[in-house]
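Notebook open, model loaded. I want to go through the helices, the charged pairs and a few single residues, one entry at a time.

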Amino acid sequence: MQITGNHQMARIVRHNDESVREGYIRNGGKEVKLFTSALKAFQCNNRIVMAQRKHLDDFLRGRIIGRLECGRTQLEVFEELGIAQSVISRLWQRFQDDGNVSRCYSTGRPRVTTPNEDRYLAVTAKRNRRSTASDLSRQLSSATGTTVSRQTVYRRLGHIDLYARRPVRCVPLTATHCRLRLAWSREHALWTPQQWSCVMFSDESRFSLQSDSRRTFIWRAPGTRYHQENTIERHRYGGAGWLVWG
């Protein structure tokens, strides 16, 4: 184990020679007295290691600065408080530079986008709800020169409750379709269970030969699933396919 203090070094050797007195080491057959600072450092070695791994609170920082302002040396403060001399040196240098000894807390990584760029992403996504995150990233880069990732686009739009969701698909209805369906509903609104028991309900399934992966997403807010701008009108029976009835 090597202990350094004020540019003085001593090596402590483990041995079973009881003739060596406490506070001395054997060097070439002779007993050499340890430096006072090295001996004290060895005695509080465990406390020093723990102190180096923990942040100093403001009270302890004030104690260190107070002792240094009273004329104590950094080595004396190190021996008394068990704080690494490098920590004391940096703390004293910082106090001399700006007069502050409190710990500086980092606010994290700075935001890549500005508030104006965030609004640009929101407006662009609302104007073209089928734009992907990659499309919005490229549009932002060409408009402002700021390059962001897809994940950043997701986070910025998520802050204003815009999320990528599958749109609702509905059959396009004309005014005649709506009028006839409403008339049929009103005609059968008061039917009794006995009348409905005479009706046979059947089911049918259509297997479309037209490709439709339904991987198209839109940007929409929660609770707006059935809004007109969030739906896609598509004729269910368009294109080739097989119809199975049973």
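**Entry 1: helix α6.** I began on the outward side of α6: the face turned away from the buried side carries the exposed residues P115, N116 and R127. A reminder to myself before going on: this is a predicted model.

Next I checked the length. Helix α6 runs over residues 115–127, which is 13 residues. From first C-alpha to last it reaches 18 Å, close to the 18 Å expected at 1.5 Å a residue.

Then I turned to the other side. Which residues of α6 are buried? I noted E117, D118, L121, A122, T124 and A125. They cover an arc of only 170 degrees around the axis, so they sit on the same side of α6. I flagged D118 for the salt bridge entry below, where it pairs with R156.

**Entry 2: helix α5.** I repeated the routine on α5, residues 85–98. Its 14 residues should span 20 Å at 1.5 Å a residue, and the end C-alpha atoms are 20 Å apart, which agrees.

I88, L91 and W92 are buried in this helix. Their arc around the axis is only 95 degrees, which puts them on the same side of α5. On the face turned away from that buried side I found the exposed residues R90, D97 and D98.

**Entry 3: I65, followed from L91.** I wanted a partner for L91 from elsewhere in the chain, and I picked I65, which lies in helix α3. Is I65 buried or exposed? Its relative accessible area is 5%, and the cut-off for buried is under 20%, so I65 is buried. The C-alpha atoms of I65 and L91 are separated by 7.9 Å, though the two residues are 26 apart along the chain.

**Entry 4: salt bridges.** Background I jotted in the margin: side chains of opposite charge can pair when their charged atoms come close. How many salt bridges does the structure hold? The count came out at six. I wrote up three of the pairs, starting with E80 and R67.

- E80 and R67: the closest N and O atoms are 3.1 Å apart. This pair links distant parts of the chain, with E80 in helix α4 (residues 74–81) and R67 in helix α3 (residues 58–69), 13 residues apart. E80 has 36% relative accessibility, so I put it down as partly exposed.
- E76 and R72: here the closest N and O atoms are 3.4 Å apart. E76 counts as partly exposed at 35% relative accessibility. R72 counts as partly exposed too, at 34%.
- R156 and D118: the closest N and O atoms are 3.4 Å apart. R156 is in helix α8 and D118 in helix α6, 38 residues apart, so this pair also links distant parts of the chain. Both residues are buried.

One more thing on the first two pairs: R67, R72, E76 and E80 are linked in a network of salt bridges.

**Entry 5: T152.** While on α8 (residues 150–158), I looked up T152, which lies in that helix. Its relative accessibility is 7%, so T152 counts as buried. What does its side chain touch? I found a polar contact of 3.1 Å joining the side chains of T152 and R155. I also took the distance to R111: T152 and R111 are 41 residues apart in sequence, yet 9.7 Å apart in space, C-alpha to C-alpha.

**Entry 6: S131.** S131 is in the loop between α6 and α7 (133–144). Loop or not, S131 counts as buried, at 5% relative accessibility. The side chain of S131 makes a polar contact with the side chain of N128, at 2.9 Å.

**Entry 7: W191 and its patch.** Last stop was W191, in the loop between α9 (175–187) and α10 (193–197). With a relative accessible area of 30%, W191 is partly exposed. Which residues make the nonpolar surface patch? I have W191, V199 and F201, and the patch comes to about 300 Å².

Note on methods:
Residues are numbered from 1 along each chain as its sequence is written. This is a predicted model: local features need pLDDT of at least 70, side-chain atom pairs count only at pLDDT 80 or more; totals for chains, interfaces and linings use all residues. Side-chain values use heavy atoms; hydrogens and water are left out. Helices (H or I, at least four residues) and strands (E, at least two) are DSSP runs, numbered from the N terminus. Buried means under 20% relative accessible area, exposed over 50%, partly exposed in between (1.4 Å probe, protein chains only). A polar contact is a pair of N or O atoms within 3.5 Å; within protein, one must be able to donate a hydrogen and the other to accept it, and residues adjacent in sequence count only if both atoms are side-chain atoms. Patches are made of residues with over 30% relative accessible area and no salt bridge: like charges are joined within 9 Å, nonpolar side chains (Val, Leu, Ile, Met, Phe, Trp, Tyr) within 5 Å. Accessible areas come from the Shrake-Rupley method with a 1.4 Å probe; for residues, only the protein chains shown count as cover. A salt bridge is a side-chain nitrogen of Lys or Arg within 4 Å of a carboxyl oxygen of Asp or Glu. The expected span of a helix is 1.5 Å times one less than its number of residues. The arc is that of the directions from the helix axis to the C-beta atoms.
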